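Visitor: Could you take me through one part of this model up close? I'd like to start from a single residue and then see what surrounds it.

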Amino acid sequence: MFIITCPFCGERDQSEFSAGGEAHIVRPKQPTELSDDEWADFLFMRKNIKGVQFERWNHAHGCRKWFNVIRDTSNDKIHAVYKMGEKPPQK
Amino acid sequence: MLNINYPKIEKKEFPNLQLNLVEPINKLNLRGKSRDFFTKVGKILSIMLPTESNTSTTIKNISALWLSPDEWMIYGKDIDNNLKLSLETEISKLNIGSVTDVSDQWVLINLDGKNVFEVLSKGSPFDFNKFKNTKNIIIQTLLNHIDVILHHNDTNNIDLFVRKSFSEHLWLWINDSSRFL
């Protein structure tokens, strides 16, 4: 259990949120030109690193908005939270 | 077939806690972002929609609750069919925003008394320490794993909105928890 600061509602318990997987995965501009392997890479292959990871989260039991989180998966420490469409912080 | 009856909720009293069903009462969900939307809502309801998160505005018998940056719920005794029709014709039909009648979707239960926060703390992950000292705060959270909207409209007085299908279960849970205060 850990606390997540929703960019809209403020500090809330993790149980109010649902994780949405890795962030900043860009959809290919021409999917029809991709090979099956490249398309499978885009659809299914995700990093699952031990350490700092960029993730999407949804405040499912609150404002129902999506946002991005930079989280260390080894100790659940959250380094930054930023809204959808914003660039991740440099530091 | 849709069950339109209200759940079997009768007024209950516990030490320093009163539970009461406040139904029927009209509730509308408003969504929109544009300046026109805010102006039209302000003119029709004579109320400014709160733009600050987790806040609400109450004027006379109408309350506007902030739900997300582009979503509000309004409820109150003064919301009648004429007001609803004006909002629909001025907002929905002109595609400025959306107006949805959620009166039958949410059930309003009023909790009153010094032990309100004791009961809520038993089944919610939310930290009520800051919440209980500030009026007109609105919180969407979980209570006994059920989605609820809490409106702190007066000291130790909370309007709790719960989805109708969960309301009887939550009501029984609140009753059961209140016995052990």
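Guide: Let's start with Leu172(B), which counts as partly exposed because it has 14 C-beta neighbours inside 10 Å. A residue needs 20 or more such neighbours to be called buried and 12 or fewer to be called exposed, so a count in between gets the middle label. Bear in mind that this is a predicted model. Leu172(B) belongs to helix H5 of chain B, which covers residues 164–178. Follow the chain back and you'll find a partner from a distant stretch of sequence: Ile9(B) is 163 residues away along the chain, yet the C-alpha atoms of Ile9(B) and Leu172(B) are separated by 8.9 Å.

That pair leads on to chain B as a whole. Among the contacts in chain B with a separation of 6 or more, 58% are between residues 24 or more positions apart. Helix H5(B) is one of five helices in the chain, which also has 11 strands. Buried residues make up 31% of the 181 residues in chain B, and Leu172(B), being partly exposed, isn't one of them. As for overall dimensions, the C-alpha atoms of chain B fill a box of roughly 50 × 40 × 25 Å along the principal axes. The radius of gyration is 17 Å, which agrees with the value near 16 Å for a compact globule of 181 residues.

Now for the place where the chains touch. Chain B and chain A each put 11 residues into the contact. On the chain B side, the elements giving two or more residues are strand S5 (62–68) and strand S9 (137–143). S9(B) gives the most, with three residues. By class, this side of chain B has five nonpolar residues, five polar ones and one charged.

Over in chain A, have a look at the open sheet of four strands, which has the order S3-S4-S5-S6 and antiparallel pairing. Strand S3 (18–22) and strand S6 (77–83) of chain A are the edges, each pairing on one side only. On average, neighbouring strands of this sheet are turned by 35 degrees against each other, direction ignored. Zoom in on strand S5 of chain A, residues 66–72, and you'll see six bridges joining it to S6(A), with the two running antiparallel. Within that pair, Val69(A) stands opposite Val81(A) of S6(A). As a general point, strands of a sheet pair through backbone hydrogen bonds, either parallel or antiparallel.

Definitions and conventions. Residues are numbered from 1 along each chain as its sequence is written. Chains are lettered from A and ligands numbered from 1 in the order in which they are written. This is a predicted model: local features need pLDDT of at least 70, side-chain atom pairs count only at pLDDT 80 or more; totals for chains, interfaces and linings use all residues. Two strands pair if DSSP finds at least two bridges between them. Axes are lines fitted to C-alpha atoms, for helices over the stretch in contact, and angles run from 0 to 180 degrees between N-to-C directions. Two residues are in contact if their C-beta atoms, placed from the backbone, lie within 7 Å. Ala, Val, Leu, Ile, Met, Phe, Trp, Tyr, Cys and Pro count as nonpolar, Asp, Glu, Lys and Arg as charged, and the others, Gly among them, as polar. The radius of gyration is taken over C-alpha atoms; the globule rule is 2.2 Å times the number of residues to the power 0.38.
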